[in-house]
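Reader: I've got this one open in my viewer and I'd like a close look at a single part of it. Could you walk me through the last helix, then work outwards to whatever surrounds it?

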Amino acid sequence: LVTVDYSGNMGVANSLYANGSVFCNAVVFNSAGAQPSLFGDTVNTILRPPTTGQIYCETAGGSPNVINASAFSVWSDEKLKQNITHTKYGLAQIEALRPRDFKWIHDGKDDVGFIAQEVSSIIPEAVSQVKDDGLGVNYTGIVAALVAAVQELSSRIKTLEARLPKE
């Protein structure tokens, strides 16, 4: 479970109840970027407090790590947004993305995904500085472009189906 409230306080946990202060295997950060409060067993993983409004997870040796959860929610409430328009991204951008197979340098594991530098020229809003020396891809932003691409394809299919002779 990962939670972030409006004031910027964040909790990462197996079980987390912020108001009642019940934490189980949790790390809680405050919006001021102070050192995290640790609860439960953090084993070999360090969650760094946000200094730029971001958080990342790494092993004690400094390598990127995996955060497993049953679900992640991203703030999406209309009251948090302004200048809302239909996305300019769609099928053309999805076709330009280059899915890649690769091996992580830090642990040698095979993976699939995108190269941030390649994505930045296609959907720049989906790429951000993660640490001083690296870029990250916001896959949620790519999902919005995927939905727009599917809608575009669906519209084309309906137009073509309308041209077919009726039985």
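**A close look at helix α3**

Author: Start with the inward side: Ile142, Ala145, Ala148 and Ala149 are the buried residues of α3. Those buried residues pack against α1 (91-96), α2 (116-120) and β10 (134-137). Keep in mind that this is a predicted model.

The helix itself covers residues 139-163. With 25 residues, α3 reaches 36 Å from its first C-alpha to its last, close to the 36 Å expected at 1.5 Å a residue.

Now for a bit of helix geometry. An α-helix has 3.6 residues a turn, so residues three or four places apart point the same way. Keep that in mind for the charged pair in this helix: Glu152 and Arg156 both sit in α3, 4 residues apart, about one turn of the helix. They form a salt bridge, and their closest N and O atoms are 3.1 Å apart. Glu152 has 30% relative accessibility and counts as partly exposed; Arg156, at 45%, is partly exposed as well.

There's also a greasy bit on the outside. Val143, Leu146 and Val147 make a nonpolar surface patch of about 230 Å². Leu146 is a good one to click on: its relative accessible area is 38%, so it falls in the partly exposed class, between the 20% that bounds buried and the 50% that bounds exposed.

Next, the surroundings. One of the elements packed against the buried residues of α3 is α2, and Glu118 in helix α2 has a charged partner of its own. That partner is Arg98, and the closest N and O atoms of this salt bridge are 3.6 Å apart. Arg98 lies in the loop between α1 and β7 (100-103), 20 residues from Glu118, and the pair links distant parts of the chain. Both ends are partly exposed: Arg98 has a relative accessible area of 47%, and Glu118 one of 25%. Arg100 joins in too, as Arg98, Arg100 and Glu118 are linked in a network of salt bridges.

A further salt bridge pairs Glu125 with Lys88, with 3.4 Å between the closest N and O atoms. Glu125 is in the loop between α2 and β9 (127-131) and Lys88 in the loop between β6 (57-59) and α1, so this pair ties together parts that are 37 residues apart in sequence. Here both partners count as exposed, Glu125 at 51% relative accessibility and Lys88 at 62%. In total, the structure holds 5 salt bridges.

Zooming out, the chain has 3 helices and 10 strands, in the order β-β-β-β-β-β-α-β-β-α-β-β-α from the N terminus on. Of its 167 residues, 19% are buried. The accessible surface comes to about 12,200 Å², and 54% of that belongs to carbon and sulfur atoms. Among contacts between residues at least 6 apart in sequence, 28% join residues at least 24 apart.

Before you set anything up from these coordinates, check the confidence. The mean pLDDT of the chain is 73, with 56% of the residues reaching 70 or more. Over residues 28-55 the pLDDT is below 50, though this stretch has 57 contacts in the model beyond near neighbours in sequence. Residues 14-26 stay under 50 too, and there the model has 27 contacts beyond four places in sequence. Where pLDDT is low, the predicted coordinates should not be read in detail.

Note on methods
Residues are numbered from 1 along each chain as its sequence is written. This is a predicted model: local features need pLDDT of at least 70, side-chain atom pairs count only at pLDDT 80 or more; totals for chains, interfaces and linings use all residues. Side-chain values use heavy atoms; hydrogens and water are left out. Patches are made of residues with over 30% relative accessible area and no salt bridge: like charges are joined within 9 Å, nonpolar side chains (Val, Leu, Ile, Met, Phe, Trp, Tyr) within 5 Å. Accessible areas come from the Shrake-Rupley method with a 1.4 Å probe; for residues, only the protein chains shown count as cover. A salt bridge is a side-chain nitrogen of Lys or Arg within 4 Å of a carboxyl oxygen of Asp or Glu. Helices (H or I, at least four residues) and strands (E, at least two) are DSSP runs, numbered from the N terminus. Buried means under 20% relative accessible area, exposed over 50%, partly exposed in between (1.4 Å probe, protein chains only). pLDDT is the predictor's confidence in each residue, from 0 to 100. Contact means heavy atoms within 4.5 Å. The expected span of a helix is 1.5 Å times one less than its number of residues.
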